[in-house]
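User: I'd like to go through this model and ask how each description is justified. Could you set the values against the criteria for me?

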Amino acid sequence: MSLNKIYTNLSKITKSTCTLFADDVSYGELAMVDNRPAQVVKIMDDEVTLQIFSGTEGLPTNAEVIFTGKPPTLRVGDDLAGRFFNAFGHPLDNGPNPEGKEVTIGGPSVNPIRRKMPSELLATGIAGIDLNNTLVTGQKIPFFTDANQPYNEVMSLVAMRAETDKIILGGMGLANDDFLFYKQVFENAGASHKIVSFINTTEDPPIERLLIPDMALTAAEYFALEKNEKVLVLLTDMTLYADALSIVSNRMDQIPSKDSMPGSLYSDLARIYEKAAQFETGGSITIIAVTTLSGGDITHAIPDNTGYITEGQLFLKHNTSINKVIIDPFRSLSRLKNNVIGKKTRADHPQVMNAAVRLYVDAVNAQTKLENGFELSDYDQRALQFSFDYAEKLLAIDVVTDTQEMLDILWQLFAKYFSKDEVSIKTSFTDLYWK
Amino acid sequence: MSNNNATKGKVRGIIANLVLVKADGPFMQNEICYIIRNEVKLMAEVIKAIGDVAYVQVFENTNGIKSGADVVFSGHLLEATLGPGILSSNYDGLLHNLSTMTGIFIQPGDYTDTIDIEKEWYFTPTIQIGKRVQAGDWLGHVTEKSLIHRIMIPFIIEGFYTLKDIVAEGSYKASETIAILVNDKGKEFTVTMVQKWPVKKAITCFNEKPRPFKLMETGIRTIDIMSPMLMGGTGFIPGPFGSGKTVLQQGIARQAEADVVIIAACGERANEIVETFTEFPKLDDPWTGKKLMERTVIIANTSNMPVASREASIYSAMTIGEYYRAMGHNVLLLADSTSRWAQALREMSNRMEELPGPDAFPMDLPAIISNYYSRAGYVKLNNGEAGSVTFIGTVSPAGGNLKEPVTEATKKAARCFYALSQNRADSKRYPALDPVESYSKYLEYQEFRKNIEDDLGGDWTAKVTKLKNYLRKGVECADQISILGDDGVALETHVQYWHAEVIDNVLLQQDAFDLIDARTPQERQKFMVNHILATLEAEHVFESFEDVRPFFKKIINIYKQMNYKSFKTEEFEQFRSSLEALIDEKNNHNTSKIDSVV
């Protein structure tokens, strides 16, 4: 595109945008302003406003502006595998530029009737997930976690254990140390060749983060649709992504809604998460994300909107009685689990799982009684004992085993602490498994 | 509509999905126009006019539009095409047929027709030439799936016409003229099986809209018994995420006593609607034995589909509902979720730089919501027949806070309130409807009471009140026990607590994933209510509070096993007699003990 006109007369500069008069510009187009990447965010007649990702500090009014004639794109192909890129899809690893087909990122949505119902088990071996919150390919689910929980470790563990063909890591505002951690985990597992990473670290301009999920998911769509692969996309941390959204909307003079977030937060997040899909041809995109919470507050606009979009959420919680991080059985949920449990896993799975959680509730009530200084009944004592075993043997994130084994452990615990009446499971199952 | 002197325009400005268009002629508020981007026509709606500039919201992503791009105005508002062939279809929010689109992705501008107007239908006229007719009158019918689909005088007709001509019984294309009308001034009007209607306007071709009175059975016990929904009623389900809203709504869609079910997935998860696409063609309609899909229409404007058409999807769905109601059918319309619709309104109002109301929602949000709910209802048609649109919307309150603007506005508009409780959901008490918080104002309707007591006995509503009272007492007792401790309260408090637990565990909780328990027909509900009340009213005397839990746990367990068995089968009766034996034994045992003490 050597014919691209160069403009050198900015009419307005704000904290993050600049405005100039230009012809034949299309909405959403990328441009270079003084060699900084920028995107068209407003057109009024021939007046064009550009958002400069890295900010406008030191930008001269005669800065050189070159329009690229196209929105952000990524060259997709098999050569993406094993590589590290920045938010613009440029290599971070000194490797060559990818040479595949150039596609616009953030493409159209999948026709719902061309999707297939997600129904393939995605086992992780982590009991707190596989037992109570079973994952399915094509699902989208975040970890809701406080910043001090080991979420990057848990997520990398899930990624390495889950059976997938490709893993796409989208790092937003990732601390450099965490970036190096992921890199090391991938290398140690000998899995580097099946991983593609798009990384924006805390050192990069925050607005650039907004491109990361679209980059990652465009790559994911290539592998899932062109290669019929099972793709797992890891997005961390979506809270920092949403923060970038609020910065932009603030600079665009939009009226903020709850928690200073833009009114479009729900749609903005949904556009990303809904890229998770099971395709008819066998390929799939599964998204596991991280949403860091502030003091465990899930009513904040970011986790709240996320919860309405994703198919459940996994809560990490420190359990004081066993002094370990567990997957919280109350607040965690996998909405798609019913597509697989009892069908792809043993038939007693749904009932056993629910009975255990009900008994765990009784234990929590007993715990409250105890804390309030009341005497515990015999049942309360048993429920409490059960809950310790349950947390230790199944909910702790370091427990790794297969689903059959998990169910057997629960049956043992049931028989150890309760009577059949108290557990209240269909007789057809108790006849088989009660020992 | 191709119109030679249609207004044209040029794009002047673009800010996200708001586009400013300079028009070369007149245009209407809410008129549909098309913006040409690289030869693809993108649909948009006028939402404001200043001078010759139209502010339009585009139903697509606006990336790639240039200043100066051509715009064509259509001359009409956002319309639904109504005719036979809608049932079993899957649409986007603007009623484009998703099944006839090509490719895995929805390409912008791929606007497919709502129905195939070339398709032939076997038409049976049911009216004589010379009759005086008005909008909504029935001319005849075709059979759509297994439903009688009335062909009606188009709703846009004003005043009375005389039927001048009508075709004989036979097969005709939907687009063919089947009747000619003429009015007093000699003006003629041709009628086909297809008509158009602007979706934001209510279809009011009926005689009157009396209060609803007839139960719409859902087979979900906590709804049918405790907070009944009526044919032509309105209700809403607010619930934090993870409280079982979706499962509940799907249960209603599958089991409700309705001729037509419209599911509007408004800004929700695509996988949920995929489940419906996948399951409904296989599942049986419990009322007709036909496949569920036959009575279902799906409007899928999932959360990643364009925001502006999300707003439209709610209206598209209601218009289809009103269309089938005008044929004398009972329609159930489920919208998930109306909060997403409100958010779409908010996004647009924000871009238009309107002064915001609470939580940045538009100021007139309550009016928009109540106006929408008022389109539902039970109606008497002009020919004496009746039809209904029952509307149940879900609300996704931000942060689970029921004081937020959408929930508050909806609470004023809807007659039934189905409160999903996070606590119940956390402890897996599904459906997680809070039986004390939830209500149905219809329980107070004399018309309804009379109708249900004709079916279930004259003391039915008294029994429902009794159940609610047990539950209320149970909540109080639970509080007392947790404050004062097990041995700090009277024995009777424990018993009352467990009475509520029996009702909760046996009657209210229901396993949506169990083939038998998922749906309880009215006869069985009646049996259960009577049986449970008798159990609770029987005298049980306990020595200490420690005996109370094991006894009631046993009762609950047997009742639950009964719930998993088909009604009145041998297995069911076995559990029933062992239950009754247990209760009798406790009764006699204690009575004799009391005697000896005395």
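User: Happy to start with A264(B): which residues is A264(B) in contact with, leaving aside its neighbours within four places in sequence?

Analyst: Gladly, and please keep in mind that this is a predicted model. A264(B) is in contact with I299(B), S313(B), I314(B), A317(B), L333(B), L334(B) and A335(B). The word "contact" applies because the C-beta atoms in each pair lie within 7 Å.

User: What makes A264(B) part of a nonpolar core?

Analyst: Membership takes a buried residue of a nonpolar kind such as Ala, joined to others through C-beta atoms within 7 Å. A264(B) belongs to the largest nonpolar core, which has 278 residues, and is among those that touch the most other members, together with A219(A), V233(A), V19(B), I262(B) and L333(B). Helix α4(B), residues 307-325, gives the most to this core, with ten residues.

User: Which residues are among the other core, the one of 27 residues?

Analyst: That core lies apart from the largest one, and M226(B), Y497(B), A500(B) and I558(B) are among its residues.

User: V233(A) came up too. Why is its strand, β17(A), called mostly covered?

Analyst: A residue is buried if 20 or more other C-beta atoms lie within 10 Å of its own. In β17(A), residues 230-236, seven of the seven residues are buried, hence the description. Both faces are involved: K230(A), L232(A), L234(A) and T236(A) point one way, V231(A), V233(A) and L235(A) the other, and all are buried.

User: How do you know that β17(A) pairs with other strands?

Analyst: Pairing needs at least two bridges between the strands. β17(A) and β15(A), residues 166-174, have six bridges in the parallel sense, with V233(A) as the bridge partner of I168(A). β17(A) also pairs with β19(A), residues 284-293, in the parallel sense over six bridges, and here L232(A) stands opposite T286(A). Both pairings therefore meet the requirement of at least two bridges.

User: What makes β5(A) and β1(B) a strand pair?

Analyst: The same rule decides it: at least two bridges are required. β5(A), residues 36-44, and β1(B) have two, in the antiparallel sense, so they qualify. In one of the bridges, M44(A) has G13(B) as its partner.

User: How many residues of chain B are in contact with chain A, and which element gives the largest share?

Analyst: 63 residues of chain B are in contact with 61 residues of chain A. On the chain B side, the elements that give two or more residues are β1 (8-15), α3 (270-279), α5 (338-351) and α13 (545-563). The largest share, eight residues, comes from α13(B). By class, this side has 23 nonpolar, 24 polar and 16 charged residues.

User: Why is chain B called as compact as a globular protein of its length?

Analyst: Chain B has 14 helices and 25 strands. Its radius of gyration is 28 Å and the globule rule gives 25 Å for 598 residues; the two values are close, so chain B counts as compact as a globular protein of that length. The C-alpha atoms fill a box of roughly 100 × 55 × 40 Å along the principal axes, and 52% of the 598 residues count as buried.

User: And in chain A, how many residues of domain 2 are in contact with domain 3?

Analyst: 16 residues of domain 2 of chain A are in contact with 17 residues of domain 3 of chain A. Four residues on the domain 2 side come from β21(A), the largest share.

Methods. Residues numbered from 1 in each chain as written. Chains lettered and ligands numbered in written order. Predicted model: local features only at pLDDT ≥ 70, side-chain atom pairs only at ≥ 80, totals over all residues. Buried ≥ 20, exposed ≤ 12 C-beta atoms within 10 Å, placed from the backbone. Contact = placed C-beta atoms within 7 Å. Nonpolar A, V, L, I, M, F, W, Y, C, P; charged D, E, K, R; others polar. Rg over C-alpha atoms; globule rule 2.2 N^0.38 Å.
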